[in-house]
Amino acid sequence: MTLSPATQTALADAAGLFRKARHVVVLTGAGISTPSGIPDFRSEGSGLWSRDEPLEVASLNTFRTTPEKFFKWFRPLAGQIYYAQPNPAHTALAEFEHAGHQSVIITQNIDGLHQKAGSQQVVEMHGTLQTLSCTGCYEHFPAEEFLKPFIENGTIPQCLICNGILKPDVILFGEQLPQAAWQTAQRATRQCDLMLVAGSSLEVLPVAGLPVQALDHGAHLIVINNTETYVDVRADIVITDNVATIIPEIMRRAIHG
Ligand SMILES: [Zn+2]
């Protein structure tokens, strides 16, 4: 891989900030999982919206009124998530934490790839596909045994106790963010002295506001994304490139000097 001299300097500077930081927060979005083959399902033009009405099909309202419509839309996405593997960006972030650094990941993704890569401290702002909850009796179930029949045969997951429809524990449009996760995210943001935004265009509130909170508390800010974000002007370092190539380079330098 050939990196420009400007990028080399940015990588070295970013690694220096990571080495010095005592509390790191990494805010990740869809862009960190696209190299693992998962489309950005919140973005128009990702191929997932064009088949149905934008936003509406992934809403709580659709799930409640016509769950079969929701599940039909969700099935290919669930398949891509189920079979996806962490990419070098996920792995490098986990290695940084394992090297003894205090590091919290706040993610907008529902794919569980940070955990698959070995990260311990992960705050999921949009829920997870790893568990399902019954819409009838509210019992929780691990997704494992329901996902495969759903993905392969379209079998809509049903409660083993009351036969109610099981809803993936992902936050749909029209749903509140999980309060506990949001409070954890805000606390970590206030405490951090370095925030890395990785693969998020920072377009979905309120998570998109976290980098400004970090800056207001005196933290350094690094943004790595393939498009511009609104906080680039206030960031210490901005690298507009692929997270799966850039983050491992930074972490290698940060961990090994
Ligand atoms: Zn039930």
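The following exercises, with worked solutions, concern cavities, a pocket, nonpolar cores and aromatic pairs in a predicted model.

**Exercise 1.** Determine which residues line the second largest cavity and how they divide by class.

*Solution.* Step 1: the structure contains two cavities of 30 Å³ or more, and the second largest has a space of about 40 Å³. Step 2: its lining consists of Phe 71, Phe 74, Leu 129, Leu 132, Phe 146, Leu 147, Phe 150, Pro 157 and Pro 168. Step 3: at least two lining residues come from each of helix 3 (67–83), strand 4 (127–134) and helix 6 (144–153); helix 6 gives the largest share, three residues. Step 4: by class, the lining has nine nonpolar, no polar and no charged residues.

**Exercise 2.** Describe the lining of the second largest pocket by element and by class.

*Solution.* Step 1: the volume of the second largest pocket is about 210 Å³. Step 2: the residues lining this pocket are Leu 60, Phe 63, Arg 64, Ser 133, Cys 134, Thr 135, Tyr 138, Lys 167 and Glu 175. Step 3: helix 2 (60–65) and strand 4 each contribute at least two of them, and the largest share, three residues, belongs to helix 2. Step 4: the classes are four nonpolar, two polar and three charged residues.

**Exercise 3.** Identify the residues with the most contacts inside the largest nonpolar core, and state what Ile 224 touches.

*Solution.* Step 1: this core has 30 residues, and those with the most contacts inside it are Phe 18, Leu 196, Ile 222, Ile 224, Ile 247 and Ile 250. Step 2: the elements that each supply at least two residues of this core include helix 1 (5–20), strand 7 (194–198), strand 8 (220–225) and helix 9 (243–256). Step 3: leaving aside residues up to four places away in sequence, Ile 224 touches Leu 196, Val 197, Ala 198, Gly 199, Ile 239, Asp 241, Val 243, Ile 246, Ile 247 and Ile 250. Step 4: another core, of 27 residues, lies apart from the largest one; among its members are Phe 63, Ala 78, Leu 129 and Leu 172.

**Exercise 4.** Classify the aromatic pair of Tyr 82 and Tyr 83, and name the rings linked into a cluster.

*Solution.* Step 1: the structure holds eleven aromatic pairs. Step 2: in the pair of Tyr 82 and Tyr 83, the distance is 4.9 Å centre to centre, with 85° between the planes. Step 3: planes over 60 degrees apart count as edge-to-face, so this pair is edge-to-face. Step 4: ring pairs join Phe 63, Phe 70, Phe 71, Trp 73, Phe 74 and Phe 150 into a cluster.

Conventions
Residues are numbered from 1 along each chain as its sequence is written. This is a predicted model: local features need pLDDT of at least 70, side-chain atom pairs count only at pLDDT 80 or more; totals for chains, interfaces and linings use all residues. Side-chain values use heavy atoms; hydrogens and water are left out. On a 1 Å grid over the protein atoms alone, a cavity is a set of points where a 1.4 Å probe fits but cannot get out, and a pocket is an open set with protein on both sides within 12 Å along at least five of seven lines; lining residues have an atom within 4 Å of a point. Grid points are joined across faces, edges and corners, and a volume is the space filled by probe spheres set on the points. Helices (H or I, at least four residues) and strands (E, at least two) are DSSP runs, numbered from the N terminus. Ala, Val, Leu, Ile, Met, Phe, Trp, Tyr, Cys and Pro count as nonpolar, Asp, Glu, Lys and Arg as charged, and the others, Gly among them, as polar. A nonpolar core is a set of buried Ala, Val, Leu, Ile, Met, Phe, Trp, Tyr and Cys residues joined through side-chain atoms within 4.5 Å. Buried means under 20% relative accessible area, exposed over 50%, partly exposed in between (1.4 Å probe, protein chains only). Contact means heavy atoms within 4.5 Å. Rings of Phe, Tyr and Trp (its six-membered ring) pair if their centres lie within 6.5 Å; planes under 30 degrees apart count as stacked, over 60 as edge-to-face and the rest as tilted.
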